[in-house]
Amino acid sequence: MEFTLEEMRTHLAALEARISSACKIAGRSRESVKLVWVSKFHPAEAVENAISLGATDFGENRVQEAELKFSTPRTALDGSRVRCHVIGPVQSNKLKKAAVVADCIHSIASIEAVEKLEKVCAALPGENGAGKILDILFQVNAGEEETKSGLDVHEAETFLNGLAARGETAFPHLRFRGLMTIGKNTGVAEDSRECFAFLRNLQQKFLAKGGIFANFDQLSMGMTGDLEVAIEEGSTMIRVGTALFGERDYSKPVNDPV
Ligand SMILES: *Cc1c(COP(=O)(O)O)cnc(C)c1O
């Protein structure tokens, strides 16, 4: 069963208490951490409820589902346009659709995907008809689990250096914003601290280089189970599903993939 609006309000309050407490411990401001509401497997009505509670940013891990819920522009309570983040791996043939629906893609992990997105975004109208500017984060498999996608920890630095070697004008329609990772998911949040710290060090190192990394100031890490540790380690975007929307019912996909 989906949460009612009132249930969602209660869960949001509890989550905000967790975020505030973690920010306080870390000596950070609440504003320095963006809450991305992960609405995957939840219906459009849940998204409407979230917007009425002040949500501005949503995360979806499948392009088709993102299109279903976020193709129509929506306005958030604060008057801004609701933003869609694609947070799951995107197949090459879905990159164009992802670029159309998303404001930010968190899960890029190959030079081929970067090149394709540049081409695709150059051909989209964007806000002034001169192409769409898309925010990109690189996913790093810092948890080092075989089942997870993302750049290998040992190759991430080489990959980023290779990207910079293309020159500052190679990707005019892409804004490289930072790094994303999924924690260890062991059930023990502390287990993710090391990989979150690794990600922060890598992000800071490349932000300091400037050039194509001048906007590399984002760290997308932390989910329902480990967001406090992620905030302590510098996360700027936490991706939260379960704590806001409740358990996902995987037996009833929101859209039929067939
Ligand atoms: C589903 C998902 C989340 C949200 O996870 P919760 O544990 O429900 O908060 C965050 N990030 C990614 C990449 C996901 O696929």
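1. A quick definition before anything else: a polar contact here is a pair of N or O atoms within 3.5 Å. With that in hand, look at Arg239, where an N or O atom of the side chain sits 2.8 Å from a nitrogen atom of the ligand. Keep in mind throughout that this is a predicted model.

2. Two more side chains reach the ligand through oxygen. Lys40 places a polar side-chain atom 2.6 Å from a ligand oxygen. For Thr224, the distance from a side-chain N or O atom to an oxygen atom of the ligand is 2.6 Å. How much of the ligand's area does the protein bury? The answer is 90% of the 390 Å² that the ligand exposes when taken alone.

3. Now the rest of the shell. The residues around the ligand are Val38, Lys40, Asn61, Ile87, Ile182, Met223, Thr224, Arg239, Val240, Gly241, Thr242 and Arg248. Sorted by class, that makes five nonpolar, four polar and three charged residues. If you want to click through them, the run from Arg239 to Thr242 is a handy place to start, with Arg239, Val240, Gly241 and Thr242 each in the list.

4. Back to Arg239, which deserves its own look. This residue belongs to strand β9, residues 237-240. Arg239 is buried but has no salt bridge. Which side chain of opposite charge is nearest to Arg239? That would be Asp226, 6.9 Å away. A salt bridge needs the nitrogen and the carboxyl oxygen within 4 Å, so Asp226 at 6.9 Å does not qualify as a partner.

5. What does the Arg239 side chain contact within the protein, then? One contact goes to the backbone oxygen of Thr181, at 3.0 Å. Another is a side-chain to side-chain polar contact with Ser220, at 2.8 Å. Add the 2.8 Å approach to the ligand nitrogen, and you have the picture around this arginine. For anyone checking the site by eye, I'd put Thr181, Ser220 and Asp226 on screen together with Arg239.

6. On to charge pairing elsewhere. Side chains of opposite charge can pair when their charged atoms come close. Searching the whole structure turns up 19 salt bridges. One of them joins Arg30 and Glu16, with N to O at 2.8 Å. Arg30 is in the loop between α1 (5-26) and β1 (34-38) while Glu16 is in helix α1, so this pair ties together parts that are 14 residues apart in sequence. Both ends are partly exposed: Arg30 has a relative accessible area of 23%, and Glu16 comes in at 24%.

7. Compare the setting of Lys69 and Glu60, whose side chains form a salt bridge at 2.7 Å, N to O. Is this pair buried or exposed? Lys69 is buried at 3% relative accessibility, and Glu60 is buried too, at 0%.

8. Glu115 and Arg166 make another salt bridge, with their closest N and O atoms 2.5 Å apart. Glu115 sits in helix α5 (residues 111-123) and Arg166 in the loop between α6 (153-165) and β7 (174-180), so the pair ties together parts that are 51 residues apart in sequence. Glu115 is partly exposed at 31% relative accessible area, and Arg166 is partly exposed at 42%. There is also a network: Glu190, Arg193, Arg200, Glu232 and Glu233 are joined by salt bridges that share partners.

9. Two backbone angles to look at. Phe41 has a phi near 70°, which is positive in a residue other than glycine. Phe41 lies in the loop between β1 and α2 (44-52) and is buried, with 13% relative accessible area. Asn185 likewise has a positive phi, near 60°, and is a residue other than glycine. Where is Asn185? Its place is the loop between β7 and α7 (193-207). Asn185 counts as exposed at 62% relative accessibility.

10. Last, Arg74. This arginine is in the loop between α3 (63-70) and β3 (83-86), and is buried at 18% relative accessible area. Its C-alpha atom is 20 Å from that of Leu244, with the two positions 170 residues apart along the chain.

Key
Residues are numbered from 1 along each chain as its sequence is written. This is a predicted model: local features need pLDDT of at least 70, side-chain atom pairs count only at pLDDT 80 or more; totals for chains, interfaces and linings use all residues. Side-chain values use heavy atoms; hydrogens and water are left out. A residue is near a molecule or strand if one of its heavy atoms lies within 4 Å of it. A polar contact is a pair of N or O atoms within 3.5 Å; within protein, one must be able to donate a hydrogen and the other to accept it, and residues adjacent in sequence count only if both atoms are side-chain atoms. Accessible areas come from the Shrake-Rupley method with a 1.4 Å probe; for residues, only the protein chains shown count as cover. Ala, Val, Leu, Ile, Met, Phe, Trp, Tyr, Cys and Pro count as nonpolar, Asp, Glu, Lys and Arg as charged, and the others, Gly among them, as polar. Helices (H or I, at least four residues) and strands (E, at least two) are DSSP runs, numbered from the N terminus. Buried means under 20% relative accessible area, exposed over 50%, partly exposed in between (1.4 Å probe, protein chains only). Lys and Arg count as positive and Asp and Glu as negative; His and the chain ends are not counted.
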